[in-house]
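Student: I would like to go through this structure and ask how each label is earned. Can we start from the terms and then look at the values?

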Amino acid sequence: MTDHTDHPAPTDHDDAPPSADEALALIREQQRSVERKQLGGIPWILGIWAIAWGAGFFALWSGYDGGNPWFSIPLGVAGTIFGALIVGAIVVSAVVGARVGRGIQGASAFSGAVYGISWMVGSGVVFAIGIALTRAGADSAVMSLYYPAGYSLVAGLIYLMGAALWRSVDQLVLGIIIAVVGAIAPFFGAPTNNLVMAVLGGGAFLVAALVMQLSLSRGRS
Amino acid sequence: MTELDPVIHAAARLRISATLASLDEGDRITFPRLQELLDMTAGNLSTHMRKLEDAEYVVVEKTHQGRTPTTYVSLTRRGRRAFEDYTETLRDLLGEKP
């Protein structure tokens, strides 16, 4: 192939050597653009989880007796809303998350796959323990404290793992908050624990989404 | 004055090197994804890739994923070092370093 065969110059970046400050600006601009293109979906994932937790746990709180004092919805409907939101959030996360590292192969692809698998393993374990507890005689009041707390613990720890993998302070803060929310929510008793999950958990996801969006559009360097 | 590496010191190759350097060491990227991240035409990217390859700054590997041929690109150790030296020289020139 000969040089410059299908250059759409001059619009394309061409060979003219830039000055030192232009060159440094070009490097920074390009690395910011790469970061935006690769991580641009992450705030959306966090935003979807903010909605799933905020609206989902609010629905559950409104479904239980002694929950929402302003209005109530049948528990079956609340459970369906909650389930649909969580499943929707999982699907969106899997689809958007898989696009983050697309086209890249190597050590980081392995890390990404382990991260993805950890969500399934963690959620599966919480579910299995829940079944065992129910079989051992735990009533529905106890289980309505256990499940949100168990999933919070898993989510919190996986965000902490993500923070370690990608050296992300955003994920570190989010992981700690989610884990702590999981720890304190059961102390409020059922059904108020759902309100705690909705406000503090959903709120943490929302703030994380906004912070990440802001840092991506500004650039970290 | 310190010399800037002429292999990297061209807008297109500088952007290519910056993009490849942002990958973790040991990672490689498919040619089409690299093209997307750079917003460059395939022909333009190939031309500049050839120059980086000649200097042994990048390695281009052609493999198959199932029946689809896939081309992976990564920075060599030499290329990563050259890019780091290059940016350090730029910062020196601009007085950004202590």
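Tutor: A salt bridge is a side-chain nitrogen of Lys or Arg within 4 Å of a carboxyl oxygen of Asp or Glu. With that cut-off, the count between chain A and chain B is three salt bridges. Keep in mind that this is a predicted model.

Student: What makes the meeting of B:Glu36 and A:Arg102 a salt bridge?

Tutor: Their side chains come to 3.3 Å, N to O. The limit is 4 Å, and the pair is an Arg with a Glu, so the term applies.

Student: How many residue pairs are in polar contact between chain A and chain B?

Tutor: There are 13 such pairs, with both residues at pLDDT 80 or more. On the side of chain A that touches chain B, helix 1 (20-39), strand 1 and helix 4 (107-135) of chain A each give two or more residues. Helix 1 of chain A gives the most, with 13 residues. Sorted by class, this side of chain A has 13 nonpolar, 11 polar and 10 charged residues.

Student: How many residues does each chain bring to the contact, and what area is buried?

Tutor: Chain A brings 34 residues and chain B brings 42. About 3,200 Å² is buried between chain A and chain B, and carbon and sulfur atoms give 54% of that area.

Student: Why are strand 1 of chain A and strand 1 of chain B called paired?

Tutor: Pairing asks for at least two bridges, and these strands have two, so they qualify. Their sense is antiparallel, and the strand of chain B covers residues 28-30. In that strand, B:Ile29 is the bridge partner of A:Ile104.

Student: What is the order of the strands in the open sheet?

Tutor: The four strands stand in the order 1(A)-1(B)-3(B)-2(B), with antiparallel pairing. Strand 1 of chain A and strand 2 (58-65) of chain B are called edge strands because each pairs on one side only.

Student: How do you know that strand 3 of chain B pairs with strand 1 and strand 2 of chain B?

Tutor: Count the bridges against the minimum of two. Strand 1 and strand 3 (residues 68-75) of chain B have two bridges, and they run antiparallel. Strand 2 and strand 3 of chain B have eight, also antiparallel. Both counts reach the minimum, so both are pairs. B:Tyr72 in strand 3 is the bridge partner of B:Thr30, and B:Tyr72 is also the bridge partner of B:Glu61.

Student: What lies between strand 2 and strand 3 of chain B?

Tutor: Two residues lie between these strands, which form a hairpin. In the turn, B:Gly66 has a positive phi of about 70°.

Student: What makes the peptide bond from A:Ala190 to A:Pro191 cis?

Tutor: Its omega is near 0°. A:Pro191 is in the loop between helix 6 (169-184) and helix 7 (192-218) of chain A. Another backbone feature is at A:Arg167, which has a positive phi of about 45° although it is not a glycine. A:Arg167 is in the loop between helix 5 (140-166) and helix 6 of chain A.

Student: What is the confidence in chain A, and where does it stay under 50?

Tutor: The mean pLDDT of chain A is 89, and 91% of its residues reach 70 or more. Over residues 1-13 of chain A, pLDDT stays under 50.

Note on methods:
Residues are numbered from 1 along each chain as its sequence is written. Chains are lettered from A and ligands numbered from 1 in the order in which they are written. Side-chain values use heavy atoms; hydrogens and water are left out. pLDDT is the predictor's confidence in each residue, from 0 to 100. Contact means heavy atoms within 4.5 Å. Buried area is the accessible area (1.4 Å probe) that two parts lose on being put together, summed over both. A polar contact is a pair of N or O atoms within 3.5 Å; within protein, one must be able to donate a hydrogen and the other to accept it, and residues adjacent in sequence count only if both atoms are side-chain atoms. Ala, Val, Leu, Ile, Met, Phe, Trp, Tyr, Cys and Pro count as nonpolar, Asp, Glu, Lys and Arg as charged, and the others, Gly among them, as polar.
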